[in-house]
Amino acid sequence: MLGRKKNTADQIAEAEAARAREDASTTRRQPEKKGVPTPKRSEQVAARRRPLVQNDRKLARAAQRQQMADQRVKMRRAMETGEEKYLPPRDRGPQRRFVRDYVDARFGIGEWMLILVLVFLFASFVMNEQMRIVVSQILWLFVLAVIVEAWWVGRTVRKKLDAKFGSDNRERGIRFYAAMRALQIRRLRLPKPLVARGQFPS
């Protein structure tokens, strides 16, 4: 009996000592401020609460969508005004600008090809067989002339770029870029033409 009571007394003493040490460490970690009321448990829980990762991802996606929308608006505006900073990479740079200005200043037959093809398709419904054959042959000759013109435009632009920027600094794909723009209707070209007919770049 005496041994059991002694053991119980020792356990109680150790528990009280451990509780005292814990209270002391808590007091050191969170010093109380004089004149400040003790915060409620609900306020402490709210202070420790952090936003969920799911909410952060939703906000990040919303911000990304808004940024992309703003970028598209700036890009559309740049297509109208030619602002270099917001143009697509394929239209950016002084050489691409030179090519666009040169092609837009020309009078070419390539920009009429799409219109003539559409006219021929609609007119073929009211033509007789003989007239349709004749017109189709003329159309094929016109297409051949457009191909030759596109080749000539690309070659001319390459020479002018070599003279202005140097052959070592010429960008790749310039001839194809010039030929494709020459085949588009002038009013539908993007970026929009910024020079008048006959106003060739220097």
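**Exercise 1.** Which backbone oxygen does the side chain of Thr156 reach, and at what distance?

*Solution.* Start with the ground rules: this is a predicted model, where local features need pLDDT of at least 70, side-chain atom pairs count only at pLDDT 80 or more, and totals for chains, interfaces and linings use all residues. Residues are numbered from 1 along each chain as its sequence is written, and side-chain values use heavy atoms, leaving out hydrogens and water.

Now find Thr156 in helix H6, residues 129-165 (helices are DSSP runs of H or I, at least four residues, numbered from the N terminus). From there, the side chain of Thr156 reaches the backbone oxygen of Trp152 at 2.8 Å.

**Exercise 2.** Is Thr156 buried or exposed?

*Solution.* Buried means under 20% relative accessible area and exposed over 50%, with partly exposed in between (1.4 Å probe, protein chains only). Thr156 has a relative accessible area of 14%, so Thr156 is buried. Other buried residues of H6 include Phe142, Val153 and Leu161.

Next, look at the partners: the buried residues of H6 pack against helices H4 (94-105), H5 (113-123) and H7 (174-182), contact being heavy atoms within 4.5 Å.

**Exercise 3.** What span should H6 have, and how far apart are its end C-alpha atoms?

*Solution.* The expected span is 1.5 Å times one less than the number of residues. For the 37 residues of H6 that gives 54 Å; the end C-alpha atoms are 53 Å apart, which agrees. Just after H6 comes Gly166, with a positive phi near 95 degrees.

Methods. Polar contact = N/O pair within 3.5 Å; in protein donor to acceptor, adjacent residues only side chain to side chain. Helix = DSSP H or I, 4+ residues; strand = E, 2+ residues; numbered from the N terminus.
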